[in-house]
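Here is a friendly walk through a two-chain model, written for someone who likes to know the cut-offs behind each term. Have the viewer open as you read.

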Amino acid sequence: MPAIEVKELHRTYRSSKGLVRRRRTEVQALGGISFEVEQGELFGLLGPNGAGKTTTIKILTTLLLPSSGTARVLGFDPAREPGEIRRRIGHVFGGDRGLYDRLSALDNLKYFADLYRVPVRDKRRRIAELLELVGLTGRERERVETYSRGMRQRLHIARGLLHDPEILFLDEPTIGLDPVGAREVRETIAGLRDQGKTILLTTHYMYEADELCERIAVIAGGVFVASGTPAELKARVVDRTVIEIETFGLAGSVVDRLRTLAGVASVSTETRDQSEMLLVQSRVGAGLVQALLRELDGINVGKVIAREPTLEDAYVELVQPA
Amino acid sequence: MTRAFLSGMWIHVVQFSRNPFDLSGVILWPILYASIAYYLLDARNDPRLLLGASLGAAVMLMWSLVVIGSSNALENQRWLGTLELLVAAPVPFAVVIAPITVASGVVGGYALVATLAWGTLLFHVPLSIDQPVAFAVAVPACMLAIGMLGLVMASTFVLYRAAFSLGIALQYPVWIATGLLVPLSVLPTFVGRIGWFLGPYWGFRAIREAALGPTPWPDIGMCLVVSAAYFAVGATCLRWFVRVARSRGTLKLT
């Protein structure tokens, strides 16, 4: 039996505005996704902001009801049997919310241990083990409001593991962390994966999914656009070349014009400190550099590099049309 | 579940005590309410009336602290991002939320004692309690009845984001319907009938009867009866409202 089974899951959010003439709006967050996660697997849901990752996690962790479709977590239905699921899963979300700031880390963990029915005889030992695991031993009596974002995130993970859940849901656990903090959190997750814990991880960082996940599903606009191992996803763009052009004062209309050039597969931009980096994907041997530079006539251009595609390029290629 | 309840109560009292603004209010309000009993009700020449008025003012404060404290605490859960985690806990949601309202009741119990103490200290309110044992039972019974009414109201706070505003709005109607603000004898009869369904009405009667009257125990019993009824209603409402919030996707919203 798979640990998680999702079939044709839909979710639409409805809201209304106005006191007298109420205007109703609908936003489709999930447009029918299906996937399975095996026991002991670390499965990644990858996608940009608003893709539907968090909505999927909320449904699976019993916090949100689906509009249609079915889901099973350890064989239980999150909509109808939330109690059975809640005692078997852990839920950790990113960001610095979700903790009692004015209390110490120890008080936070003690409270959640009681809420998650950790036996009294195990509570002290379990909290000590988890503080050690997330590297907060010695800091547990300090108020959470004095913690750095990275420390809060690691405390979140400790909280999610208090009752030794069979499945751990990690919703963008490294969001907003500095590189060192993010690396520490990734090391903690890798440790849990090596222990055989089933983990569903959502992230919008390709390298994070590549480093940690055994399989990845790329989600955009509420639907899956690709799934497979990191190597399989990368193979989708193996016949491509990426041309990086550093520009200064790049206009949106120019980018649109570049997209229409023959041989161009995709165009994306990244804003740097003083410049915009133009990333153009094309077939190997298309020889587009001169044509691109002609189109950029009148715009200050810095360095130009042609290179092999990375996994991140595969991701950009997948989510861009959505 | 008992452990989750007691732990929740402790955590929320500690959380409350670490907010200097809330704490200063709890210290200053009893002085204000003791002054209301003395000056506004003009009870200074009748010692027993003065004690009755002080008890009424103290229960008014207790209700205010519970309704404002629990609505504030619930709204805080949204701001802290902990509401979803509390809903996702495997213990029944009523067992998670009830400690928040009862913790406010405990703070309210302290405020009751402080109001009476300030009244005695500043305005020479005579603290002559007719039945001390019954009084010692009536105070926690009143705290429980008020806390459980807070639980019923907290269920709506789970559904609506503007919990604090709702809490403020609920202060006066309960003061009026329970006869704490003005005697029920000067109000239309139906107002008193509404009071029968409210915990503070029986809580105030129990405390007043223990201090001044001959028969506090029936009112103490009624406090326990309405508390049990409130818990049942509150737990049902919470289950239903959490289901609605899960359907609408509003648990995360601030």
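## A covered helix in chain A

In helix 11 of chain A, the buried residues are Asp313(A), Ala314(A), Tyr315(A), Val316(A), Glu317(A), Leu318(A) and Val319(A). This helix covers residues 311–319, and seven of its nine residues are buried, so it is mostly covered. "Buried" here means that 20 or more other C-beta atoms lie within 10 Å of the residue's own; 12 or fewer makes a residue exposed, anything in between makes it partly exposed, and the C-beta atoms are placed from the backbone. Helices (H or I, at least four residues) and strands (E, at least two) are DSSP runs, numbered from the N terminus.

A word on the source: this is a predicted model, in which local features need pLDDT of at least 70 and side-chain atom pairs count only at pLDDT 80 or more, while totals for chains, interfaces and linings use all residues. Residues are numbered from 1 along each chain as its sequence is written, and chains are lettered from A and ligands numbered from 1 in the order in which they are written.

Back in helix 11 of chain A, Ala314(A) makes a good example. Ala314(A) counts as buried because 24 other C-beta atoms lie within 10 Å. Which residues does Ala314(A) contact, leaving aside its neighbours within four places in sequence? They are Leu233(A), Lys234(A), Arg236(A), Val237(A) and Pro309(A), where a contact means that the two C-beta atoms, placed from the backbone, lie within 7 Å. Pro230(A) is 84 residues from Ala314(A) in sequence, yet their C-alpha atoms are 9.8 Å apart.

## Two positive phi angles

Chain A also holds two residues other than glycine with positive phi. Glu8(A) has phi near 50° and lies in strand 1 (residues 4–17) of chain A. Asp164(A) has a positive phi of about 50° and sits in the loop between helix 5 (149–161) and strand 6 (167–171) of chain A. Are these residues buried, exposed or partly exposed? Glu8(A) is partly exposed, with 14 other C-beta atoms within 10 Å, and Asp164(A) is partly exposed with 14 C-beta neighbours inside 10 Å.

## The two chains side by side

The table sets out some whole-chain values.

| Chain | Helices and strands | Span along principal axes | Buried residues |
|---|---|---|---|
| Chain A | 11 helices, 13 strands | roughly 75 × 50 × 50 Å | 42% of 322 residues |
| Chain B | 11 helices, zero strands | about 60 × 40 × 35 Å | 50% of 254 residues |

Contacts that reach far along the sequence are well represented. In chain A, residues 24 or more positions apart account for 71% of the contacts with a separation of 6 or more; in chain B, 80% of the contacts between residues at least 6 apart join residues at least 24 apart.

Chain B has a radius of gyration of 18 Å, which agrees with the value near 18 Å for a compact globule of 254 residues. The radius is taken over C-alpha atoms, and the globule rule is 2.2 Å times the number of residues to the power 0.38.

## Where the chains meet

The contact takes 23 residues from chain A and 23 residues from chain B. On the chain A side, helix 2 (82–86) and helix 3 (105–115) each supply at least two residues, and helix 3 gives the most, with five. That side divides into nine nonpolar, five polar and nine charged residues. Ala, Val, Leu, Ile, Met, Phe, Trp, Tyr, Cys and Pro count as nonpolar, Asp, Glu, Lys and Arg as charged, and the others, Gly among them, as polar.

## Helix 11 of chain B

Helix 11 of chain B (residues 217–248) has 32 residues and reaches 45 Å from its first C-alpha to its last, close to the 46 Å expected; the expected span is 1.5 Å times one less than the number of residues. Its buried residues include Ile220(B), Cys223(B), Tyr230(B) and Leu238(B). The buried residues of this helix pack against helix 4 (83–87), helix 5 (93–123), helix 6 (132–159) and helix 10 (199–211) of chain B. Gly249(B), with a positive phi near 75°, follows helix 11 of chain B.

The axes of helix 5 and helix 11 of chain B come within 9 Å and cross at roughly 115°. Axes are lines fitted to C-alpha atoms, for helices over the stretch in contact, and angles run from 0 to 180 degrees between N-to-C directions. Phe93(B), Ala94(B) and Ile97(B) of helix 5 meet Gly234(B), Ala235(B), Leu238(B), Arg239(B) and Val242(B) of helix 11. By class, the residues of this contact are six nonpolar, one polar and one charged.
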